[in-house]
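Biologist: Please take one part of this structure and look at it closely, and then show me how it sits in the whole. I would rather have one connected account than a list.

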Amino acid sequence: MSTETIETRLDFIGEINNLLYASTSNPVNTCIQCGTCSGSCPVASGGFMSHTPRRIISMIRANRKEETLRANTYWYCSSCYMCTVRCPRGIDIAELMYALKRYSIWKTEYGKDLIGPTFSETFIQTIMKSGRSYEPVLATTYLFSFGFQDMLQEAATATGLMLKGRMPVLPPRIKRLENFKRMVRKIVPVEEK
Amino acid sequence: MTRKYAYFPGCSLEKMARSYHESAMETTRALDVELKEIEDWNCCGATTYFNIDELLAYTLCARNLAIAEQLKLDVVAPCSGCYKNMYSARKHLTHEPDLAQHINEALAEDDLKFAGTSEVRHLIDVLVKDVGLEEIKRRVRRPLTGLKVAPYYGCQILRPRKDHEDVESPRFFEDLMTAIGADPVEYRLKLRCCGGALLITNREAALSLVRDLLDNAVQSGAAIIATACPLCQVNLECYQKQVNTEFGTNLNVPVLYFTQLVGLALGIAPGKLGIGSELVSAMPALASVGSGGGGR
């Protein structure tokens with residue numbers, strides 16, 4: 001048996017490509033850095049991302065893992081898929097952003113000022129409990145991170161919707177909830193708290 | 001001949017977008033389309049679910065598809081997000097038998113099995129392609145003549161690309177508006193994102209996207225915006241006040257669902273189409289073309 005050490009650790013791009021194994025798009029390595037993604041991204045074009053999607057891809061290729069995970073780029077992706085349909089190399093960039101979100105939640109390495117991670121987790125807990133989404137519970141996850149003025153504006157919008165009968169009063173619930181929960185436990189085999 | 005589909009309303013249509021549900025039911029009935037609601041459907045997972053766990057997200061979609069398959073009908077979703085999620089789930093599971101097998105083990109807990117026999121469609125596509133523009137035109141009773149409409153496509157109805165369709169310069173929404181006698185306006189940002197869930201997770205960015213869109217539509221002459229997605233409708237309509245406060249603008253443009261406009265043109269009373277539940281009233285714009293009157 002050889003005593004030679006084998007490479008056991010994946011570099012960052014290897015990890016990312018593994019995260020995207022289920023996607024039918026081309027691997028991140030095939031990027032030619034043309035910047036079509038950044039130019040097509042409404043959020044990056046507005047200057048709201050710390051790093052453009054093109055830059056994120058170049059950082060992944062340069063193995064700059066921590067810097068990539070610290071970027072707000074992927075949490076500020078709205079999943080509009082404009083980058084994906086336009087990429088001349090056929091890379092599914094929006095799917096890459098999803099993969100980075102999942103990776104950052106798994107590592108709990110995302111900016112603490114971001115609302116996206118907590119919001120996503122609460123959303124899922126709501127679905128797991130009832131099978132359907134329910135806006136009033138979701139609101140509690142982000143409302144308190146808003147500034148006072150923004151919170152007042154949000155409350156005014158919610159009141160307007162309520163007056164028009166557009167806000168749910170009772171949380172919805174599917175009928176076969178027990179079956180649904182067993183189905184979920186088959187995928188994630190843990191007992192419910 | 002009545003066309004039948006399995007209907008997946010999605011969470012938003014239960015309350016926030018009740019008027020989309022009401023107008024979808026009324027309008028399709030008038031066009032001999034029967035929407036049979038999928039029994040005990042669950043949330044499709046929205047965009048958020050895919051942020052956490054892909055496998056569970058696909059399982060949620062697969063449950064709805066499996067229930068629809070029992071009806072032996074294709075699935076119709078009025079929400080672009082639900083449509084995209086369930087379309088992708090079906091595609092993915094059909095191409096990955098191992099994944100489908102794994103998910104089917106879980107679905108067995110609810111006595112269900114995914115086989116991939118039901119296709120997934122968006123409601124606007126059913127109206128445009130299955131019912132057909134000629135047929136809709138033939139059934140118009142009160143054409144919306146002179147109504148300047150900005151047809152807003154948004155994102156997930158087109159993207160990611162489902163087949164080989166034109167995702168850069170689609171015309172089907174304009175054509176539908178023309179078929180009901182309205183006057184679709186050309187504007188640059190018709191495919192641009194409304195911000196989606198960023199309205200919660202990055203308010204500053206989302207409000208700026210909403211402002212750009214509304215501004216572009218209004219500057220191009222739109223008196224009303226038509227949408228095919230509840231999230232787009234809520235973002236563009238319900239956040240106008242906040243946009244005005246934030247940017248000092250004076251935007252006040254109504255945003256209706258395409259089903260409400262088609263319904264009006266078919267002669268259905270506004271009250272039956274959920275018109276009146278907007279935060280920015282559509283009445284002034286509709287009255288100008290003589291379609292404002294009539295209750296339930």
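Modeller: What follows starts from one helix and works outward to its domain, its chain and the partner chain. This is a predicted model, in which local features need pLDDT of at least 70 and side-chain atom pairs count only at pLDDT 80 or more, while totals for chains, interfaces and linings use all residues. Residues are numbered from 1 along each chain as its sequence is written, and chains are lettered from A and ligands numbered from 1 in the order in which they are written.

The part I have chosen is α4(B), a helix of 16 residues that reaches 22 Å from its first C-alpha to its last, close to the 22 Å expected at 1.5 Å a residue (the expected span being 1.5 Å times one less than the number of residues). Helices here are DSSP runs of H or I with at least four residues, strands are runs of E with at least two, and both are numbered from the N terminus. The buried residues of α4(B) are S80(B), G81(B), C82(B), Y83(B), K84(B), N85(B), M86(B), Y87(B), A89(B), R90(B) and L93(B); a residue is buried if 20 or more other C-beta atoms, placed from the backbone, lie within 10 Å of its own, exposed if 12 or fewer do, and partly exposed in between. The cover over these buried residues includes the helices α3, α5 and α10 (230-238) of chain B, together with the strands β3 (75-77) and β4 (120-122) of that chain.

Within the helix, M86(B) deserves a separate look. Its contacts, leaving aside neighbours within four places in sequence, are F8(B), C44(B), C61(B), N64(B), L65(B), V75(B), A77(B) and V120(B), where a contact means that the C-beta atoms of two residues, placed from the backbone, lie within 7 Å. In the largest nonpolar core, which has 153 residues, M86(B) and L261(B) touch the most other members, and α3(B) gives the most to this core, with ten residues. Such a core is a set of buried Ala, Val, Leu, Ile, Met, Phe, Trp, Tyr and Cys residues joined through C-beta atoms within 7 Å. In soluble globular proteins, nonpolar side chains tend to be buried together.

The helix also takes part in the meeting of two domains. Chain B is divided into domain 1 (3-122) and domain 2 (143-287), with bounds that come from an automatic or database domain assignment, and the centres of the two, taken over C-alpha atoms, are 24 Å apart. In chain B, 22 residues of domain 1 are in contact with 25 residues of domain 2. On the domain 1 side of that contact, α1 (18-30) and α4 (80-95) of chain B each supply at least two residues, and α1(B) gives the most, with nine. By class, this side has nine nonpolar, nine polar and four charged residues; Ala, Val, Leu, Ile, Met, Phe, Trp, Tyr, Cys and Pro count as nonpolar, Asp, Glu, Lys and Arg as charged, and the others, Gly among them, as polar.

Taken as a whole, chain B has 13 helices and eight strands, and 59% of its 296 residues count as buried. Its radius of gyration (over C-alpha atoms; the globule rule is 2.2 Å times the number of residues to the power 0.38) is 19 Å, which agrees with the value near 19 Å for a compact globule of this length. Among its contacts between residues at least 6 apart in sequence, 79% join residues at least 24 apart.

Chain A makes a useful contrast. The secondary structure of chain A comes to eleven helices and zero strands, and its radius of gyration of 20 Å is well over the 16 Å that the globule rule gives for 193 residues, so chain A is more spread out than a compact globule. Of those 193 residues, 33% count as buried.

The two chains meet through 50 residues from chain B and 53 residues from chain A. Among the helices of chain B that each supply at least two residues to this side are α3 (54-70) and α5 (97-107), both of which also help to cover α4(B). The side of chain B that touches chain A has 22 nonpolar, 13 polar and 15 charged residues. From the other direction, the buried residues of α8(A) have a cover that includes α7 (93-106) and α9 (135-143) of chain A as well as α2 and α8 of chain B.
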